[in-house]
Amino acid sequence: MLSDPIADMLTRIRNATRTFKETVDVPASKFKEELAKLLVQEGYVASYERLLPEGQKFDVLRLTLKYGAKREQVIKHIERISRPGRRAYVSADNLPRVQRGLGVAVVSTSKGLLADRDARKQGVGGEVICVLW
């Protein structure tokens with residue numbers, strides 16, 4: 001049993017990109033699927049699909065990772081900010097700017113998961129899930 005499934009997902013992505021894997025499988029949930037959709041929209045992951053592997057009881061998300069033209073990593077850094085033991089909530093005015101706008105902070109808002117710049121445009125704050133660049 002995992003105490004922080006989101007941190008587990010981010011760690012699986014981090015480990016897979018460091019070893020240049022083409023895909024990575026993550027146990028599926030609605031929240032993780034929304035996070036995967038946001039990573040695809042922001043251009044950090046090529047695609048994702050939800051599937052049920054043969055002989056298993058639970059769905060998995062299969063993320064297809066993305067690399068540059070010369071096999072450089074697209075995700076250079078990925079870090080969990082809000083943890084179960086210490087939640088990190090911010091207002092719309094205090095949303096973090098990651099790498100001066102080159103990175104993305106994923107924020108869980110009342111309007112769903114948003115990138116920091118989208119949350120800033122909509123004027124909503126929330127829980128900072130992770131940052132990546």
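**Figure 1. Strand E8 and its partners.** Buried here means under 20% relative accessible area. The model shown in every view is predicted. Seven of the seven residues of E8 are buried, so this strand is largely enclosed by the rest of the structure. E8 covers residues 126-132. Strand E4 (residues 78-80) pairs with E8 in the antiparallel sense, over three bridges. Within that pairing, Glu79 has Val131 as its bridge partner. Strand E5 (residues 89-90) also pairs antiparallel with E8, over two bridges. There, Tyr89 is matched with Glu127. E6 and E8 run antiparallel and are joined by five bridges. Val106 stands opposite Cys130 of E8.

**Figure 2. The E6-E7 hairpin.** Strand E6 spans residues 104-109 and strand E7 spans residues 112-115. The two pair in the antiparallel sense over four bridges. A hairpin of two residues links E6 to E7. Across the pair, Ser108 faces Leu113 of E7.

**Figure 3. The three-stranded open sheet.** The strand order is E1-E3-E2, and the pairing is antiparallel. Why do E1 and E2 each have one side without a neighbour in the sheet? Strand E1 (23-27) and strand E2 (45-51) stand at the edges with a single partner strand each, so one side of each is left free of a neighbour in the sheet. Neighbouring strands are turned by 20° against each other on average, direction ignored. E2 and strand E3 (residues 60-65) run antiparallel and share six bridges. In this pairing, Leu51 lies opposite Val60 of E3.

**Figure 4. Two helices on the sheet.** Helix H1 (residues 5-18) packs on the sheet and touches E1 and E3. The direction of H1 makes about 165° with that of E1. Helix H2 (residues 30-42) lies across E1, E2 and E3. H2 runs at about 155° to E2.

**Figure 5. The nonpolar cores.** In soluble globular proteins, nonpolar side chains tend to be buried together. The largest nonpolar core in this model has 25 residues. Those with the most contacts inside it are Met9, Ile13, Leu35, Leu63, Ile75, Val106 and Leu132. H1, E1, H2, E3, E6, E7 and E8 each supply at least two residues of this core. H1 gives the largest share, five residues. Another core, of five residues, lies apart from it. Its members include Leu95, Val107, Ala119 and Val124.

**Figure 6. Close-up of Leu63.** Leu63 is found in strand E3. Is Leu63 buried or exposed? Leu63 has a relative accessible area of 0%, so it counts as buried. Leaving aside neighbours within four places in sequence, Leu63 is in contact with Met9, Ile13, Glu22, Thr23, Val24, Val26, Ala36, Val45, Ser47 and Tyr48. Leu63 and Asp4 are 59 residues apart in sequence. In space, the two are 19 Å apart, C-alpha to C-alpha.

**Figure 7. The cavity.** The model has one cavity of 30 Å³ or more. About 30 Å³ of space lies in the largest cavity. Which residues line the largest cavity? The lining consists of Arg14, Thr17, Arg18, Gln73, Ile75, Lys76, His77 and Ile78. H1 provides the largest share of this lining, three residues.

Notes: Residues numbered from 1 in each chain as written. Predicted model: local features only at pLDDT ≥ 70, side-chain atom pairs only at ≥ 80, totals over all residues. Heavy atoms only, no water. Pairing = 2+ DSSP bridges. Axes fitted to C-alpha atoms, helices over the stretch in contact; angles between N-to-C directions. Contact = heavy atoms within 4.5 Å. Core = buried A, V, L, I, M, F, W, Y, C linked by side-chain atoms within 4.5 Å. Buried < 20%, exposed > 50% of the residue type's maximum accessible area, 1.4 Å probe, protein only. 1 Å grid on protein atoms, 1.4 Å probe; cavity = no way out; pocket = protein on both sides within 12 Å on 5 of 7 lines; lining within 4 Å. Points joined across faces, edges and corners; volume = space filled by probe spheres on them.
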